[in-house]
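Visitor: I am new to this structure and would like to know how its labels are justified. Please show it to me first.

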Amino acid sequence: MSCKTFFSDTGIAYPVLAGYPQSYDDEEVVLVNNKCKCVTVTSKFVPSKENPEEEILERNIRIIVPLKSRENISDPTSPLRTTFVYRMTDLCKKCDPIEIELGGEIYNAQQSTSCDDTETCYTYNRDKCYTTTFPFLYHGERKILQAALTPASCYAE
Amino acid sequence: FKHFCLEILLALFFQLFLNPIFGPREVSGLLDGSVTVKCFYPQTTVNKHDRKYWCREATRSCHTVVSSNGYVAPGYQGRVAITDFPDQGVFLVNVSGLGLADRGSYHCGLGLNNRALSFQVKLDVSEGSGCRALLSFLFYVELQGSVTITCSFGQDYASIRKYLCKMEKSGCRNIIDTYGKVDDEYAGRILLSNENTAGSYSIMITQLGWQDAGLYLCGAGVYGESGETKEVDLHVYEGQGALPQGLKTPTWVPFISHTVLGVKGGSVTIECRYDTKGRSSLKYWCKWRKNGCSRIIDSNGFVSDLYEGRVAMYDNPENNTLTVILNRLADSDSGYYWCMTNENREKKTSKELKIVDGEPSLTGEEEVEASVGAPAQLACSYPCKYYSYEKYWCKWTRSGCTPVEASDQSRAELNVDCDKDNKTILLNFDDVALTDQGWYWCGVKHKGVYGETKAVQLRVSGEPRGRREVSPVRATAAWDAPGGCPGARGSEHIPAAPAVGSTRSLARGAGGKEPGGRSRGDRSSPVPHVPALRPADLVSVGSYRTNISMSDFESAKEYGANDNACMKGTQETQIGGDGKSRGGPAGAEPLGERRPSLPQSSKEEADVAYSAFLLQASAVAQGRGAGGDTAAPPGPWDGRM
C-alpha cells in the first residue's frame, strides 16, 4: 500500500462493509511510526461527510518538527538544522525485519526493497544511545573523551 | 476547525498507542490526609533509568511538582515524595497534607514534562468521610501477554451467576459468565474458573491486543439489575522486543506465534514460555472448551486416553520453554490450547491450532504387525528439506518419548539406520518381544528445536517359538528313549543323561531305559519330573572342549558313556577295563592301579564321560546310593578327573 501525500481529512472512499464487527469501530491502525524523524501516520474508517452512510478511510499524519536540533544530531557543535524534508514514500517504507511464516518455518524478512540504512535523523530515538567525542583539557593534557548525549538510553542493562 | 479536529483525534491516539504510562484516572483524598498514586511503565532499559516526574497541569505546560532527579517545587517541601521501583516497572507518588488548593489535573510520567510519556490523573480533595472511594483494580499488561483477574464477593454469592463484562458506549458487553457464554472475540483465549473460597473466581485472558484495553466490570448477578460489581481497568502496553509499535496493517496475517497450522495427518510442535517462578510447578496442556479447559497431558505423566500415542511434552528449564508435540492430526483437533502451570501469577500461553489440508512431510506405514521372535522394521521417509536435520526414533510412553539409540547396549538387537539414498529412517528389531509393542515416533530435530514427528504403531502377536534361552536354572535333561532300550548295556551305573549344563540325572518313564541300560524300577529316591526333551532340543555334547586325558578313564563305558544307544551293530571300544561292574569299597583300589593302555575310545565317548562325571559328582553330592543296583558307585574320586 503506497502512501499518498495529503494533509486533509478526506481519504479514499470505500463502500460500507456489511457485517462490520462492532469492536473495530474505534480501531485506529498505525501505518508509520518513525522515531527518527518523529512522524506518525495512522488511519481509521470514519463516516463520510457527503454521505454519512458511507465510511471512508481517513489518514492522520502527525509531524513534530524539532526546531532546536542540530544538523548532525550526534555532533552538538554542528549548526542548527533549518531544512526539514518529509517524504511519504520514504516514511511508508517498512524496513524493519518482520517475522513471517512460510511452510511452517519462521523467517525474518524485510518488507521493502531499496532500504537505505543511513537515514538522517532529525531527533533522538529514545531507545538508542547517542554519544559524541569532545576534547578535554586536564592537567595540561588534552584528551579526547566520549560523552553521552542521551544518558537515559545509554545504560547497559 | 480542521486543526481542532485533528487535535481531538490526537488525544485519543495518545491514549491508545503512544501512551505506555498508566495510572489511576482519578484519586481522591481527605482534607489534611494523604494520597498515593501508582504509575506503571514498560520495563525497558531506557525507562528504568529515565527521569520520573509528577507535574501539575497548567494552560500550556505541566509544572513539575516532584521528580526523581531530586527536584521539589516550592510549596511542596516535605509534603511530596516520589519513589521508583525499576524492577517492577512502577513508581509511586505520595502527597500528604492535602488542601483544597491541591485539587486539579496532574500528570505522572517519564522523561521530559511536555512529551507524550505521561498519564493524566485527576486529584480530588474532599472534606469528611462521605467520599466514595473509587477503587478500581488496575491491570497493566504487556501486549500479547496474559492477565489473571481475581474477584471475590463473599459467601452469599457462592451460587449466583458470575460474569465479566466490558464497558462500552451502549452499556456493558458480556464477555464471559458462569453459564458458559463466551463472547466471540474472546473465544479460546478466556477462561473463568472458580476459586477455592466461596464466591470468588478468577478470569484468565491471553493474547491481549490493543482492543482489549479498557474498563471492565467483574460481578456477581446481572449487570444493571442485581448483585455487585467491581471495576477493572485494563491497560495494554508494548514491552521490549515486541512487534514494531502496534504495527498492524489490514492485509497482514496475525502475529504468527499464536496460530499454529497443522496438516491433516501430520504433527505440530507448540512452544510455551513460562516465567522462572514456574520452573518447578506442575505444568499441563489442555484444550479450551466453553466450560473450562480439559487436560490432555501434564508433567506428572498423565495422558488423556484419547491422546494415547499422539502427544508428548518436553520441559526445558534452561530456556523456560515447554514444548508439546501432537501428531496424527485430525480435523477435530482444531481449537484453542492452553499451556498452564499451577502458579497463578504465571503468564499463560494459548495457541490456536488450525488444521489445513495437505500432506505431511514424514511418510510411512502407520501400523506394523510383527510376530514374537521375528525381525521387524519400522520405516519413515523424509523429504529433502529434512536432509540436514537430526533424525531420531523414540518409543512413546506416558511420560514422554524415550529415544531409541543404536548405541544402547542393553538392546543390541535394535539399530537405527539412515539410508541416505532413499531418505528413509529405519528402526530395526532383530528379535521382537512382547514388550516392544506400542507406539513409536520418528521425528526430526533442528538446532535443539523439535520438528515434525510421525507415529507408528507396532503390534506384536504370536506365541514364543523357536529360540530358547539356555539357562542353568531350567532343568534339561534326560534323554527320552522312546520305547526303551532293552538290555542295552547291562551295566547299572550312573545313568547317562548328558545334557547341557545339567547336573541332575533324570530318569524317565517306566519303560524307558537310559542308554546306560540302567534299570530304573528299583529306584526309590525321588526323581524330579522334568518335561521331556525333544531330541532336536539337545545340544550336542561334542561341542564341549575338555582337556581330559584318556588315561584318566578307567572305563568310561562303565559310567554309561554310550550314546549309541540301541544300535546293535556298533563297535564300541572300551576305555580300559572290560565293562564289568566296578565296585569295591571306597578307596580300595586307586584308579591308577588299574590303568590299562591308553584307550582308543572316540572323542564322543570322552565327552560323554565328562558329562557322566558331572552326574557322578552330583550323585555323590546328593548322597545317593545305587538303590537296587548291583553296582555300587565307584570309589571316591578325590575330585580327580
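Visitor: What makes E21(B) and strand E22 of chain B a pair?

Guide: Two strands pair if DSSP finds at least two bridges between them. E21(B) and strand E22 (residues 321–327) of chain B have six bridges in the antiparallel sense, so they meet the definition of a pair. B:Tyr314 stands opposite B:Thr323 in E22(B). Strands (E, at least two residues) and helices (H or I, at least four) are DSSP runs, numbered from the N terminus.

Guide: This is a predicted model, in which local features need pLDDT of at least 70 and side-chain atom pairs count only at pLDDT 80 or more, while totals for chains, interfaces and linings use all residues. Residues are numbered from 1 along each chain as its sequence is written, chains are lettered from A and ligands numbered from 1 in the order in which they are written, and side-chain values use heavy atoms, without hydrogens and water.

Visitor: Which strands form the open sheet, and in what order?

Guide: The order is E18-E22-E21 in chain B, with antiparallel pairing. Strand E18 (267–273) and strand E21 (311–316) of chain B each have a single partner strand, so they stand at the edges and one side of each lacks a neighbour in the sheet.

Visitor: Why is the contact of B:Asp315 with B:Lys283 called a salt bridge?

Guide: A salt bridge is a side-chain nitrogen of Lys or Arg within 4 Å of a carboxyl oxygen of Asp or Glu. For B:Asp315 and B:Lys283 the N to O value is 3.3 Å, so the pair fits the definition. B:Asp315 lies in strand E21 of chain B and B:Lys283 in strand E19 (residues 283–289), so the salt bridge ties together parts 32 residues apart in sequence.

Visitor: Why is B:Lys283 called buried?

Guide: Buried means under 20% relative accessible area, exposed over 50%, and partly exposed in between (1.4 Å probe, protein chains only). B:Lys283 has 1%, so the residue is buried. B:Asp315 has 36%, so this partner counts as partly exposed.

Visitor: What makes A:Lys37 and A:Glu119 a salt bridge?

Guide: Their closest N and O atoms are 3.3 Å apart, so the cut-off is met. The pair links distant parts of the chain, 82 residues apart. A:Lys37 is buried at 10%, whereas A:Glu119 is partly exposed at 37%.

Visitor: How many salt bridges does the structure hold?

Guide: There are 22 over all chains. One of them joins B:Asp212 to B:Arg189, with the closest N and O atoms 2.9 Å apart, and both residues are buried.
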